[in-house]
Amino acid sequence: MFNVQDIRKDFPILSRKVNGKPLAYFDNAATSQTPQQVIDAIVDYYSNYNANIHRGVHTLSQEATDLYEQARQKIQAHFNAKFSHEIILTSGATHSINLVANGFSSLLKKGDEVIVSALEHHSNIVPWQMLCERTGAILKVIPMNEEGELVMSSFDNLLSENTKLVFLNHISNALGTINPIEYIIEKAHEVGAAVLIDGAQACPHVKPDVQALDVDFYVASAHKMCGPTGVGMLYGKEAWLNKLPPYQGGGEMIAEVTFEKTTYADLPHKFEAGTPNIAGGIVFGAAIDYMNTIGFDAISTYENDLLNYATQKLLEIEGLKIYGTAKNKTSVISFNLENIHPYDVGTILDKLGIAVRTGHHCAQPIMDFYNIPGTVRASFSFYNTKEEIDTLVEGVKKAKMMLS
Amino acid sequence: MLGRAQSRPKLENKFSYNLLTMLEETKLKFVIVSIEDIQNEIIDEFSMFDDWEERYQYMIDLGKDLPLINDQYKTESNIIKGCQSKVWVHAEMTDDKIAFTADSDAIITKGIIAILIRVFSNQHPKNIIDADTDFIDKIGLKEHLSPTRANGLVSMVKQLKMYAIAYQTQLN
């Protein structure tokens, strides 16, 4: 049974004060807070198992290796990947995207086309731009409409036999739009293109099934899912991961090394050069366990309720405009007050103990589309409450009063 | 601003021409209200406020009162990097003193730059270069000093000092 007051007890940080006021944390799309169960997992690892993995003959190393590989299996099960070696542990979604983009630089040729969406985070634009610069491939963009939804008819027109790759986020970090990835994957596959989905913003809210989606690559970051920073994952279909060359050279990723030739290790180690973030990987598993204990159905039902409540309350404020009004969206509200800079609103809210994000949210093309310098973004998690949203609404009213 | 205009003749009258000549080296300290004096003046003003709300309301008002920068100077090259809001600063030197004008699209940032301009404008480049900025901490705006702070107060101070360094080079 979902009880937000019980859940809040799991998060020590939620009871702290900021600027003398109780913290109201609405920057969940940037990073989520960490429950005690996950903090305990970090302490447990360093207190009892800390060792380097995969190579040691001693017991500690073997135990740490087991825990690390169990975490990989947990991630595999969570995303419903066919094999655990299809899960590459990385430093986060950005690293995962770069790994794939780098791999494709040897597979693309001049004139090939790659399609990105207008709703992307810079981390899902820049690596592909770099890839296109290196290979001579052409970058095409699926446009968005005023509501912040991708225009699917334009996507259909962009697709051709030259399309080799399509990449977009599952959910937009700036606007919260849930993109129709099922349709996009199906259509892209019809022309033989591979699809990478950036799930960084989706994974805190939904449980993706990579086999049902039939997606080629899916990436996520642990720190947006109640886990630690500096760790994330890349799911890739086995055939694709075998096709891509290694990203970084080093220990762990080799089978045999001589000065004449090196043969690479099998998946997943081929892509995991050097000592990995061992604690991070293990704790990522603990974070997934935690979220599954709460349950993703309960999470999305509750967060939708928060979103509707907050949308209704905020829109009661005269001069407040919400950007991103897609029919299908998650608990993110990007807004501005008329003639007031988002930075000013964010500064006043901070003084009231309310944490929001301001700025372009690493999605400048979206801000350019709306011709605004940025927005105030409040993103809600399953541990937020309606009382906190009331605090936010009062805070925005106060900011409006002070700044007008 | 008013305080400076009033105290200036008073200070000049205090000293005879001869004394000023004898103190040629330190002359500037007497004929211009020093950066430190202005900073102390600002610290006094801010000490009257009881809470953050009054402090911020005052800064917002300072921002609103900041004289407009000439539009021709609101160029891409005059934008200070490292701020979440846009900040334009223009500098001009006359009689060995730098006058700054500025603008921002965010009002709190504008208030902050207004305070900085009040401190640094109409000063000799060397005094600007040598000035410390502890007063920012003392007026309760310490949170804006962190290098990660999106308003880029650190970048603003750095930029004003860069102008001073550039003009100082011209004087040497």
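Two strands are said to pair if DSSP finds at least two bridges between them. The exercises below apply this definition to a predicted model.

**Exercise 1.** Determine the strand order of the seven-stranded open sheet of chain A, and identify its edge strands.

*Solution.*
Step 1. Following the pairings from one side of the sheet to the other gives the order E4-E10-E9-E8-E7-E5-E6 in chain A. The pairing in this open sheet is mixed.
Step 2. An edge strand pairs on one side only, and this applies to strand E4 (87–90) and strand E6 (138–142) of chain A.
Step 3. Direction ignored, neighbouring strands of the sheet are turned against each other by 20 degrees on average.

**Exercise 2.** Describe how E4(A) is joined to strand E10 of chain A, and name the bridge partner of Leu89(A).

*Solution.*
Step 1. In general, the strands of a sheet pair through backbone hydrogen bonds, either parallel or antiparallel.
Step 2. For E4(A) and strand E10 (residues 232–236) of chain A, the sense is antiparallel, and four bridges are found.
Step 3. Within E10(A), Met233(A) is the bridge partner of Leu89(A).

**Exercise 3.** State which strands helix H5 of chain A lies across, and give its angle to E6(A).

*Solution.*
Step 1. Helix H5 of chain A comprises residues 126–135.
Step 2. This helix lies across strand E5 (113–117), E6 and strand E7 (163–169) of chain A.
Step 3. Its direction is at about 145 degrees to E6(A).

**Exercise 4.** Analyse the four-stranded open sheet of chain A and the helix that lies across it.

*Solution.*
Step 1. The strand order is E13-E14-E17-E16 in chain A, and the pairing is antiparallel.
Step 2. Strand E13 (320–323) and strand E16 (357–359) of chain A are the edge strands. From one strand to the next, the twist averages 30 degrees.
Step 3. E13(A) and strand E14 (residues 332–337) of chain A run antiparallel and are joined by four bridges. One bridge pair consists of Leu320(A) and its partner Leu337(A) in E14(A).
Step 4. Helix H12 (residues 342–351) of chain A lies across E14, E16 and strand E17 (375–379) of chain A, at about 155 degrees to E16(A).

**Exercise 5.** Characterise the side of chain B that touches chain A.

*Solution.*
Step 1. Contact requires C-beta atoms, placed from the backbone, within 7 Å. By this criterion, 13 residues of chain B are in contact with eleven residues of chain A.
Step 2. Helix H5 (52–65) and helix H6 (107–120) of chain B each supply at least two residues of this side. H5(B) gives the most, with four residues.
Step 3. By residue class, this side of chain B has seven nonpolar, five polar and one charged.

Conventions. Residues are numbered from 1 along each chain as its sequence is written. Chains are lettered from A and ligands numbered from 1 in the order in which they are written. This is a predicted model: local features need pLDDT of at least 70, side-chain atom pairs count only at pLDDT 80 or more; totals for chains, interfaces and linings use all residues. Two residues are in contact if their C-beta atoms, placed from the backbone, lie within 7 Å. Ala, Val, Leu, Ile, Met, Phe, Trp, Tyr, Cys and Pro count as nonpolar, Asp, Glu, Lys and Arg as charged, and the others, Gly among them, as polar. Axes are lines fitted to C-alpha atoms, for helices over the stretch in contact, and angles run from 0 to 180 degrees between N-to-C directions.
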